[in-house]
There are 2 protein chains.
Amino acid sequence: MRIGELEQRSGVPARMLRYYEEQGLVTPRRLDNGYREYDEYLVDRVAKIRGLIDSGIPTRIIGNILPCLNQPQRVVVDDADPELLEILRQERDRMTHKIDVLSQNRDAITRYIQALETAGSRHGTRERQPA
Amino acid sequence: MRIGELEQRSGVPARMLRYYEEQGLVTPRRLDNGYREYDEYLVDRVAKIRGLIDSGIPTRIIGNILPCLNQPQRVVVDDADPELLEILRQERDRMTHKIDVLSQNRDAITRYIQALETAGSRHGTRERQPA
DNA sequence: ATCAACCTTCACATAAGTGTAAAGCCAGCA
DNA sequence: TGCTGGCTTTACACTTATGTGAAGGTTGAT
């Protein structure tokens with residue numbers, strides 16, 4: 001598909017898709033006329049990239065972990081580059097840490113919201129009911 | 001405590017502490033001589049701020065959720081600003097989303113690492129043993 | 001007096017976008 | 001045939017967020 005369709009289907013603006021290509025995160029084939037041609041699986045791929053960037057993973061790192069996310073569960077490289085392996089382990093640990101931080105803080109926010117809601121309803125304020 | 005001690009104890013460089021103050025995330029009292037004076041609980045606070053920024057939460061948002069993290073579990077505002085409440089709910093949901101994205105991708109990385117390790121050991125490569 | 005820790009301020013750096021102009025491609029249609 | 005409109009291309013510049021470096025000055029302890 002071309003860039004416009006991918007924009008529609010992935011929700012990622014064409015402008016960003018070109019930017020991500022510049023950053024080496026996606027490298028679509030080119031048609032004879034120079035237009036970018038994207039494979040089907042890239043719809044999910046670019047959504048995933050968005051999520052990762054949004055979660056504080058820099059593009060430089062995302063480039064490294066992309067091979068882990070191959071749609072057509074492709075060949076794991078025969079012999080592992082030990083440097084890459086170490087990068088992956090580090091990044092896995094960093095992600096675990098982010099998950100912990102986010103969980104803790106989300107829970108704190110949740111408790112705070114509940115306290116506010118309780119306080120609000122005690123005052124007769126209109127609040128959404130628990131489901 | 002002064003900025004140097006906070007730098008030591010929180011691991012956040014003094015330069016950044018001043019920057020976060022500029023962004024309105026911490027507002028230490030001032031001594032007569034103009035030096036910043038930080039309360040004890042800010043040691044944890046600034047570490048939390050670091051974690052949140054690192055997890056892709058912009059400072060503008062962090063400013064909003066800081067009240068949720070009060071050390072001396074302070075007064076929940078008597079009447080809830082419904083706008084703030086909505087911001088909090090949105091941010092809670094966004095954080096949940098980030099957690100999901102990170103978890104999924106971390107698991108994919110973990111599987112990939114294991115595949116690499118297996119492939120490596122099959123080739124006689126030296127690898128760390130499972131504990 | 002000297003020296004480290006602190007102050008402000010201005011400037012620079014990097015990442016991740018975002019705007020947009022000027023041109024190329026192509027399908028439909030008079 | 002040639003025009004029009006929509007999609008696509010590159011290229012250059014601008015913006016915002018998050019820092020970082022360093023100059024030049026003040027404070028306080030020894």
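Which residues come nearest to DNA strand D, of the 19 around this strand? They are R36(A), R15(B), M16(B), N33(B) and T59(B), where a residue is taken to be near a molecule or strand if one of its heavy atoms lies within 4 Å of it.

Before I go on, a word on conventions. What we have is a predicted model, in which local features need pLDDT of at least 70 and side-chain atom pairs count only at pLDDT 80 or more, while totals for chains, interfaces and linings use all residues. Residues are numbered from 1 along each chain as its sequence is written, chains are lettered from A and ligands numbered from 1 in the order in which they are written, and side-chain values use heavy atoms, with hydrogens and water left out.

Let me stay with DNA strand D. The surface near this strand has eight nonpolar, four polar and seven charged residues; here Ala, Val, Leu, Ile, Met, Phe, Trp, Tyr, Cys and Pro count as nonpolar, Asp, Glu, Lys and Arg as charged, and the others, Gly among them, as polar. For polar contacts, the criterion is a pair of N or O atoms within 3.5 Å, and within protein one must be able to donate a hydrogen and the other to accept it, with residues adjacent in sequence counting only if both atoms are side-chain atoms. On that basis, a polar side-chain atom of R50(B) lies 3.0 Å from a phosphate oxygen of strand D, and an N or O atom in the side chain of R30(A) is 3.2 Å from a phosphate oxygen of strand D. Y35(B), for its part, has a polar side-chain atom 3.5 Å from a base oxygen of strand D. The elements giving two or more residues to this surface are α1 (3-10) and α2 (14-22) of chain A, together with α2 (14-22) and α3 (42-54) of chain B, and the largest share, four residues, comes from α2(B). Helices here are DSSP runs (H or I, at least four residues), numbered from the N terminus.

Turning to DNA strand C, the nearest of the 19 residues around it are R15(A), M16(A), T59(A), G4(B) and R36(B). Of the atoms of strand C that come within 4 Å of the protein, 64% belong to sugar and phosphate. Three side chains of chain A place an N or O atom by a phosphate oxygen of strand C: T59(A) at 2.8 Å, Y20(A) at 3.0 Å and N33(A) at 3.0 Å. The largest share of the surface near strand C, four residues, is supplied by α2(A).

Finally, the helix packing. How do α3(A) and α5(B) pack? Helix α3 (residues 42-54) of chain A meets helix α5 (residues 82-122) of chain B at an angle of about 115°, with their axes 9 Å apart; axes are lines fitted to C-alpha atoms, for helices over the stretch in contact, and angles run from 0 to 180 degrees between N-to-C directions. That makes α3(A) roughly perpendicular to α5(B), a label used for angles of 65 to 115 degrees. The contact (heavy atoms within 4.5 Å) is made by K48(A), G51(A), L52(A) and D54(A) on α3(A), and by K98(B), V101(B), Q104(B) and N105(B) on α5(B).

Within chain B, α1(B) and α2(B) pack at about 105°, with axes 9 Å apart, so α1(B) is roughly perpendicular to α2(B). I3(B), L6(B) and E7(B) of α1(B) and A14(B), L17(B) and R18(B) of α2(B) make that contact.

Definitions and conventions
Angles under 35 degrees count as roughly parallel, over 145 as roughly antiparallel, 65 to 115 as roughly perpendicular and the rest as oblique.
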